[in-house]
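Subject: Handing over the structure, with notes

Dear colleague,

Please find the structure below, together with its sequence. I would suggest looking through it once on your own before you read the notes that follow.

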Amino acid sequence: YFTNNYYWWFILLIIPYAVISIFVAYRKWKFTVNDGIMYTHHGIFENKNNIIQLYKIQNIKILQTPYQWRRNLANIKIYTAAGSLLIPYLKFEMAIQIKDYLLFKV
């Protein structure tokens with residue numbers, strides 16, 4: 001049955017691709033906060049770099065899904081006039097420290 005139906009072969013190839021791409025995306029996510037700027041680096045197949053000057057930050061939110069709440073994780077969403085930036089899956093305590101530091105610098 002599996003050899004005649006190409007749909008099953010497609011599913012069997014998609015599952016390892018999804019697992020590997022999620023793992024690579026998680027491993028490549030990095031961010032740094034200095035005195036004047038915040039630098040982020042992420043991506044799966046291409047590298048995306050963002051540099052935000054701290055004085056341009058307008059709002060910061062800490063977001064948690066039920067999955068993250070059970071595992072003590074959080075996302076930080078940083079809003080500027082040009083758009084927003086999401087830093088995913090940080091420890092909740094670290095997210096609060098980053099938020100406090102960024103608000104202090106702003």
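To begin with the outside, the accessible surface of the protein comes to about 8000 Å², and 62% of that surface belongs to carbon and sulfur atoms. Please keep in mind throughout that this is a predicted model, and that the values below were computed from it.

**Overall form**

The protein contains three helices and six strands, and if you follow the chain from the N terminus, these elements come in the order α-β-β-β-β-α-β-β-α. When the C-alpha atoms are boxed along the principal axes, they fill roughly 65 × 30 × 20 Å. The radius of gyration is 18 Å, whereas a compact globule of 106 residues would have one near 13 Å. Of the 106 residues, 22% count as buried. As for how distant parts of the chain meet, among the contacts with a separation of 6 or more, 25% are between residues 24 or more positions apart.

**A nonpolar patch on the surface**

Which residues form a nonpolar patch on the surface? They are Phe10, Ile14, Ile15, Tyr17, Val19, Ile44 and Phe45, and together they have about 730 Å² of accessible area. One of them, Tyr17, is part of helix α1, which covers residues 6-28, and Tyr17 is partly exposed, with a relative accessible area of 45%.

**Strand β2 and what it touches**

Strand β2 covers residues 37-42, and His41 is found in it; Thr40 lies in β2 as well. Thr40 is buried, with a relative accessible area of 0%, and His41 also counts as buried, at 17%, since the cut-off for that word is under 20%. Leaving out residues up to four places away in sequence, Thr40 touches Lys30, Phe31, Lys48, Asn49, Asn50 and Leu85. With its neighbours within four places likewise set aside, His41 is in contact with Lys28, Trp29, Lys30, Asn47, Lys48 and Asn49. With Asn49 there is something further to look for, as the side chains of His41 and Asn49 make a polar contact at 2.6 Å.

**Ile60, a buried residue in strand β4**

Ile60 belongs to strand β4, residues 57-63, and Ile60 is buried, with a relative accessible area of 5%. If residues up to four places away in sequence are not counted, Ile60 touches Ile76, Lys77, Lys99, Leu102 and Leu103. Lys99 deserves a second look here: Ile60 and Lys99 are 39 residues apart in sequence, and yet their C-alpha atoms are 6.7 Å apart in space.

**The salt bridge**

How many salt bridges does a search of the whole structure find? The search finds one, in which the side chains of Lys105 and Asp35 meet at 3.9 Å, taken from N to O. Lys105 lies in helix α3 (residues 92-105) and Asp35 in the loop between β1 (30-33) and β2, so this pair ties together parts that are 70 residues apart in sequence. As background, side chains of opposite charge can pair when their charged atoms come close. The two partners fall into separate classes of accessibility, because Lys105, at 33%, counts as partly exposed, while Asp35, at 60%, counts as exposed.

**Two residues with a positive phi**

Finally, there are two places where I would ask you to check the backbone with some care. Asn72 has a positive phi of about 60 degrees, although Asn72 is not a glycine. Asn72 sits in the loop between α2 (66-70) and β5 (73-80), and with a relative accessible area of 32% Asn72 is partly exposed. Tyr89, which is likewise a residue other than glycine, has a positive phi near 50 degrees. Where does Tyr89 lie, then? Tyr89 is placed in strand β6, residues 83-91, and at 43% relative accessibility Tyr89 counts as partly exposed.

As you go through the model, you might start with the pair Lys105 and Asp35, and then turn to His41 and Asn49.

With best wishes

Methods. Residues are numbered from 1 along each chain as its sequence is written. This is a predicted model: local features need pLDDT of at least 70, side-chain atom pairs count only at pLDDT 80 or more; totals for chains, interfaces and linings use all residues. Side-chain values use heavy atoms; hydrogens and water are left out. Helices (H or I, at least four residues) and strands (E, at least two) are DSSP runs, numbered from the N terminus. Buried means under 20% relative accessible area, exposed over 50%, partly exposed in between (1.4 Å probe, protein chains only). A polar contact is a pair of N or O atoms within 3.5 Å; within protein, one must be able to donate a hydrogen and the other to accept it, and residues adjacent in sequence count only if both atoms are side-chain atoms. Contact means heavy atoms within 4.5 Å. Patches are made of residues with over 30% relative accessible area and no salt bridge: like charges are joined within 9 Å, nonpolar side chains (Val, Leu, Ile, Met, Phe, Trp, Tyr) within 5 Å. Accessible areas come from the Shrake-Rupley method with a 1.4 Å probe; for residues, only the protein chains shown count as cover. A salt bridge is a side-chain nitrogen of Lys or Arg within 4 Å of a carboxyl oxygen of Asp or Glu. The radius of gyration is taken over C-alpha atoms; the globule rule is 2.2 Å times the number of residues to the power 0.38.
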